[in-house]
Amino acid sequence: MSEQKPTVAIGLLSGCFGCLMSFLDLADDLAEVFNLIEFRRCPFNDVRELEHVTVGMLEGALSTDHDMKLAKEMREKCDVLVSLGTCPSYGGIPGMRNFQDSKTICEDVYGRRVPDDEELPQLLPAVVTLASVVKVDYFIRGCPPTTEKIKETLVAILEGKKVPEKTRNLCVECPRTKESILTPRRGFLTQGVRSVMELDEIDPTRCFLEQGVVCMGLVTVEGCNARCLGDNMPCRGCMGPVPGVPSQGNKLIDAVATLIPSGALMFFEDSVGIAFRYTHAADESMRK
Ligand code: SF4
Ligand code: SF4
Ligand code: SF4
């Protein structure tokens, strides 16, 4: 009977295993999911050979020639290909390396002794998204994605259903009070931009932007249950932009510019590092 179950393979590109941990966090539900599918190549069983499977999932960014080869092989051998997490979907944190050329990065890390063994993976000139290389059937956003989302997507694929797309921004999920930000006014919302460290106290019940702290929730798609906000940390945008928004980073800078006094943007430290943290590799406006 087990031969009739849909087969699943998981491939690792340049990632951190965080998405995989989120998958394993299915915990009690894991048995239910394992009953529905049969794993072929995946890090849980150490099977290296990639045979034809029903569903393939790829974690991590496309950063090396090895990643590129695996992505193409997975596409060929999987009926359905899933981009698991923000790394393959938008470049994620590894995409931040696109601020520099790959030669400079290697020299910064290794000094004059950059390893050049041809067996080692070679860095691509820049991190690219999975969808720019092969056709992707499903995207699971988040760094890492929520366990519920992984399960929902996997079950939908197995049942041949669509996964409903989220279309609103994260503020709708955020439990913090939003008062000043919703009031039309001529004055400015805040006097400047401050980092979390600069505040003696952060009101855990009030919108970060109303306290002068940049939050990406305005320009980030809903779907993570506002988990950082619940832990009194501002959103950094790991779920990516709201559908239809071509540049999450530019949208954030536009939004913040309308909320603070003119000139205060100069004191918004690491604005590019915050605004483009997860989507630099996917953002057309950041290409040379
Ligand atoms: S999306 Fe985040 S958790 Fe997943 S591999 Fe990339 S860095 Fe790790
Ligand atoms: S900007 Fe951030 S803190 Fe304010 S409501 Fe939106 S998600 Fe919540
Ligand atoms: S609150 Fe923002 S940074 Fe945190 S998990 Fe959600 S989208 Fe990602």
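User: Which residues lie nearest the centre of the largest pocket?

Analyst: This model is predicted. Its largest pocket has a volume of about 500 Å³. The lining holds 30 residues. Those that lie nearest the centre are Val214, Pro234, Arg236, Ile274 and Arg277.

User: Which helix gives the largest share of the lining of the largest pocket?

Analyst: By class, this lining has 20 nonpolar, three polar and seven charged residues. The largest share comes to three residues. They belong to helix 7, residues 227-230.

User: Which residues are closest to the centre of the second largest pocket?

Analyst: The second largest pocket holds about 350 Å³ of space. It is lined by 17 residues. The closest to its centre are Phe139, Arg141, Lys149, Pro164 and Glu165.

User: Which element supplies the largest share of the lining of the second largest pocket?

Analyst: Strand 7 (138-140) and helix 6 (147-158) each supply at least two residues of this lining. The largest share is three residues. That share comes from strand 7.

User: How many charged residues are in the lining of the second largest pocket?

Analyst: Sort the lining by class. Nine residues are nonpolar and two are polar. The charged residues number six.

User: About how much space lies in the largest cavity?

Analyst: A search of the whole structure turns up one cavity of 30 Å³ or more. Its lining includes Thr190, Gly192, Leu209 and Ile260. The space in the largest cavity is about 60 Å³.

User: How many charged residues line the largest cavity?

Analyst: Val193, Val213, Val214, Val256 and Leu259 are among the lining residues. By class, the lining has seven nonpolar and three polar residues. The count of charged residues is zero: there are no charged ones.

User: Which two helices each supply at least two residues of the shell around ligand 1?

Analyst: The shell around ligand 1 includes Gly18, Cys19, Thr86 and Cys87. Two helices each supply at least two of the shell residues. They are helix 1 (18-24) and helix 4 (86-90).

User: How many residues of the shell around ligand 1 are charged?

Analyst: Gly15, Cys16, Glu59, Gly142, Cys143 and Pro144 are also among the residues that surround ligand 1. The shell divides into five nonpolar and four polar residues, plus the charged class. Glu counts as charged, and Glu59 is in the shell. The number of charged residues is one.

User: How many nonpolar residues are in the shell around ligand 2?

Analyst: Ligand 2 is surrounded by residues including Cys171, Cys174, Cys207 and Cys215. Arg176 and Lys178 are in the shell too. By class, one residue is polar and two are charged. The nonpolar residues number seven.

User: Which cysteine has the sulfur nearest to that of Cys42?

Analyst: The whole structure has zero disulfides. Cys42 is therefore in no disulfide, as a disulfide needs two cysteine sulfur atoms within 2.5 Å, and the nearest cysteine sulfur is 12 Å away. That sulfur belongs to Cys78.

User: Is Cys42 buried or exposed?

Analyst: Buried means under 20% relative accessible area. Cys42 has 4% relative accessibility. Cys238, at 14%, also counts as buried. So the word for Cys42 is buried.

User: Where is Ser22, and what does Ser22 touch beyond residues up to four places away in sequence?

Analyst: Ser22 has its place in helix 1. Its relative accessible area is 6%, so Ser22 is buried. Beyond residues up to four places away in sequence, Ser22 touches Pro144, Pro145, Thr146, Thr147 and Ile150.

User: Which residues is Lys72 in contact with, leaving aside neighbours within four places in sequence?

Analyst: Lys72 sits in helix 3, residues 65-77. It is partly exposed, because its relative accessible area is 44%. Its C-alpha atom is 9.5 Å from that of Leu130, 58 residues apart along the chain. With neighbours within four places set aside, Lys72 is in contact with Val133 and Val134.

User: Is Thr279 buried or exposed?

Analyst: Thr279 is found in the segment after helix 9 (271-275). Leaving aside neighbours within four places in sequence, Thr279 is in contact with Tyr90, Gly240, Pro241 and Gln248. The relative accessible area of Thr279 is 4%, so this residue is buried.

Terms used:
Residues numbered from 1 in each chain as written. Chains lettered and ligands numbered in written order. Predicted model: local features only at pLDDT ≥ 70, side-chain atom pairs only at ≥ 80, totals over all residues. Heavy atoms only, no water. Near = heavy atom within 4 Å. Helix = DSSP H or I, 4+ residues; strand = E, 2+ residues; numbered from the N terminus. Buried < 20%, exposed > 50% of the residue type's maximum accessible area, 1.4 Å probe, protein only. 1 Å grid on protein atoms, 1.4 Å probe; cavity = no way out; pocket = protein on both sides within 12 Å on 5 of 7 lines; lining within 4 Å. Points joined across faces, edges and corners; volume = space filled by probe spheres on them. Contact = heavy atoms within 4.5 Å.
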